[in-house]
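Please look over the sequence and the model below. The report that follows takes up the metal sites, then a sheet.

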Amino acid sequence: MGQDALDYFLSALGGLFRMRRIYPPGTKQVLQLANQASQRLADWGRPVRITFLGNDTIIEDRRIETIPTPFRALFQSLQQLGFESVQIEANTGEDDLTAWIEKVVSKDRTPYRGSKIVAGSLRVERRAEPYSVLTRAVTGYLGFLAEAQEALSDLESKKPEGLVRAREIVSAIAARLAIGRELFEPIRELKDFDDYTFTHALNVCVLSSALARALRVSEEMVNAIAMAALCHDLGKKEVPKEILNYKGPLGPNERLLIEKHPSIGARLLLEIPGVESANPLLPVVAYQHHMGVDQSGYPKIQGRPPQYMLHFTSLLVAVVDIYDALRTVRPYRPALSVAKASTILIKDAMSGKLHKEYVSSFLLLLNVLAAGRGVVLSDGSRGMIVETHTGYPLCPMIGDESGRVRDLSDPGSPTIWEVEEDTTSDLQ
Ligand SMILES: [Fe+2]
Ligand SMILES: [Fe+2]
């Protein structure tokens with residue numbers, strides 16, 4: 001068997017790894033790929049040796065310039081975990097392959113000594129890191145991140161396969177969100193993760209899905225919103241990285257370039273076969289997400305009719321988009337705390353730029369507008385939220401310092417001016 005057989009095996013192994021990050025162990029998708037990988041290995045018929053040395057990847061004795069997409073995510077994980085050498089026996093069965101992939105998926109850095117697979121360091125054995133719930137959550141998140149990266153790269157090159165991949169991610173995210181808030185944790189923890197474009201797209205997708213669910217839209221609509229959120233910034237691929245990461249205030253020309261990303265994104269999406277018919281919301285949200293409820297943002301529509309309405313998804317995604325951008329470290333500023341980011345959302349809602357109800361529901365979802373949270377009101381007084389009520393966005397009942405309870409939904413009441421840091425939580 002020639003080199004192709006080895007590539008087929010590594011592609012199946014990479015597929016097993018990617019599937020396992022989305023689907024739980026033992027599911028049909030995972031079992032199928034494990035079986036396929038062991039068959040492909042049998043076709044190859046020889047042991048496989050993979051070595052990572054610095055930035056070099058060596059398969060057998062071949063140095064690989066660019067790791068092929070099907071097993072790139074697996075190899076990147078192995079490198080990130082500090083593995084330098086992986087040896088797989090020719091007769092390794094699907095159970096052994098699955099057992100080892102489980103270790104990689106769970107980000108286990110300890111050297112692996114199976115009967116058929118040995119993986120570890122070429123020199124010094126590294127100490128294992130404590131395994132925690134957060135590690136598991138981050139691992140799950142990174143799985144989605146790698147998938148999102150691949151889907152978005154496909155879409156950037158106008159490949160319709162990207163739509164299929166995006167749909168898979170969105171349904172897997174929906175399934176995770178239905179179980180619990182596990183996916184929220186890494187969004188909180190990874191705020192200085194370096195690959196901003198993709199973490200931002202994934203975060204906006206996860207948080208928009210959660211907000212859409214909280215607003216009780218149909219499951220079908222939640223998925224459509226999640227897809228649109230994932231692709232909202234696709235047009236940024238045309239904006240030079242130096243401008244996106246510029247440290248100082250931008251000049252008018254640079255600003256103009258950034259402000260083109262909504263129309264570039266919408267146009268790019270419309271050129272992907274299948275988008276206009278099956279996912280019409282994608283270009284709409286890409287185009288409208290910076291416009292603002294009061295249309296104070298961009299792009300500006302020349303001679304627009306006064307009743308020009310934005311799609312509610314664009315307004316929903318806009319809330320999450322601003323929040324995630326504020327919560328992330330950027331080259332030109334540090335990440336803002338939850339309280340500071342929430343204060344900005346409230347100010348933007350009060351000024352008419354963001355949708356008040358969506359901001360309110362989002363802050364409820366994040367547990368920011370919750371009983372016990374300290375706030376400063378627009379009349380300068382301080383107080384604590386004692387109760388929130390539905391139907392009156394951003395107008396909870398506040399207990400002030402003199403023990404008086406004020407209902408902010410009463411006409412003439414002050415508004416929330418600032419959300420105070422939550423000293424009881426590590427969510428800063
Ligand atoms: Fe954007
Ligand atoms: Fe964005």
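## The second iron site

H232 is buried, at a relative accessible area of 1%. The model is a predicted one. In it, H232 is one of the protein donors of the iron ion (ligand 2), through NE2. The others in this set are H200 (NE2), D233 (OD) and D321 (OD), and the distances run from 2.1 to 2.3 Å. Along the chain, these donors are spaced as H-x31-H-D-x87-D.

Angles among the four donor atoms of the iron ion (ligand 2) range from 76 to 173°, and the site is irregular. H200 sits in helix α8 (residues 196-214), while H232 sits in the loop between α9 (219-230) and α10 (241-244), so the two tie together parts 32 residues apart in sequence. H200 has a relative accessible area of 3% and is buried. The cut-off for buried is under 20%.

## The first iron site

The iron ion (ligand 1) takes its protein donors from D233 (OD), H261 (NE2), H289 (NE2) and H290 (NE2). They lie 2.1 to 2.3 Å from the ion. Their spacing along the chain reads D-x27-H-x27-H-H. H261 belongs to helix α12 (residues 261-270), and H290 to the loop between α14 (281-288) and α15 (312-327). This pair is 29 residues apart and links distant parts of the chain.

Why is the arrangement around the iron ion (ligand 1) irregular? The four donor atoms subtend angles of 86 to 178°. A tetrahedral site would need all angles between 85 and 135 degrees.

H261 or H290: which is buried, and which is partly exposed? H261 counts as buried because its relative accessibility is 1%. H290 counts as partly exposed because its relative accessibility is 22%.

## The shared donor

What links the two sites? D233 bridges the iron ion (ligand 2) and the iron ion (ligand 1). The two ions lie 3.5 Å apart.

## The five-stranded sheet

Another part of the model is a sheet. Five strands form it, in the order β10-β9-β8-β7-β11. The sheet is open, and the pairing is antiparallel. Its edge strands are β10 (405-407) and β11, each of which pairs on one side only. On average, neighbouring strands are turned by 40° against each other, direction ignored.

Strands of a sheet pair through backbone hydrogen bonds, in either the parallel or the antiparallel sense. Here, β8 and β9 (residues 397-400) are antiparallel and share four bridges. G383 has D400 in β9 as its bridge partner.

## Strand β7 and its neighbours

Strand β7 (residues 374-377) is joined to β8 (residues 382-387) by three bridges, and the two run antiparallel. G374 faces M384 in β8. Four residues lie between the strands of this hairpin, and G380 takes a positive phi near 90°. β7 also pairs with β11 (residues 416-419), again antiparallel, over three bridges. There, V375 has V419 as its bridge partner.

Side chains of a regular strand alternate between the two faces of the sheet. In β7, G374 and V376 point one way, whereas V375 and L377 point the other way. Are these residues buried or exposed? All of them are buried.

Methods: Residues numbered from 1 in each chain as written. Chains lettered and ligands numbered in written order. Predicted model: local features only at pLDDT ≥ 70, side-chain atom pairs only at ≥ 80, totals over all residues. Heavy atoms only, no water. Donors = N, O, S within 2.8 Å, 3.2 Å for Na, K, Ca; no water. Tetrahedral: all angles 85-135°; square planar, octahedral: opposite > 155°, others 65-115°. Buried < 20%, exposed > 50% of the residue type's maximum accessible area, 1.4 Å probe, protein only. Pairing = 2+ DSSP bridges. Axes fitted to C-alpha atoms, helices over the stretch in contact; angles between N-to-C directions.
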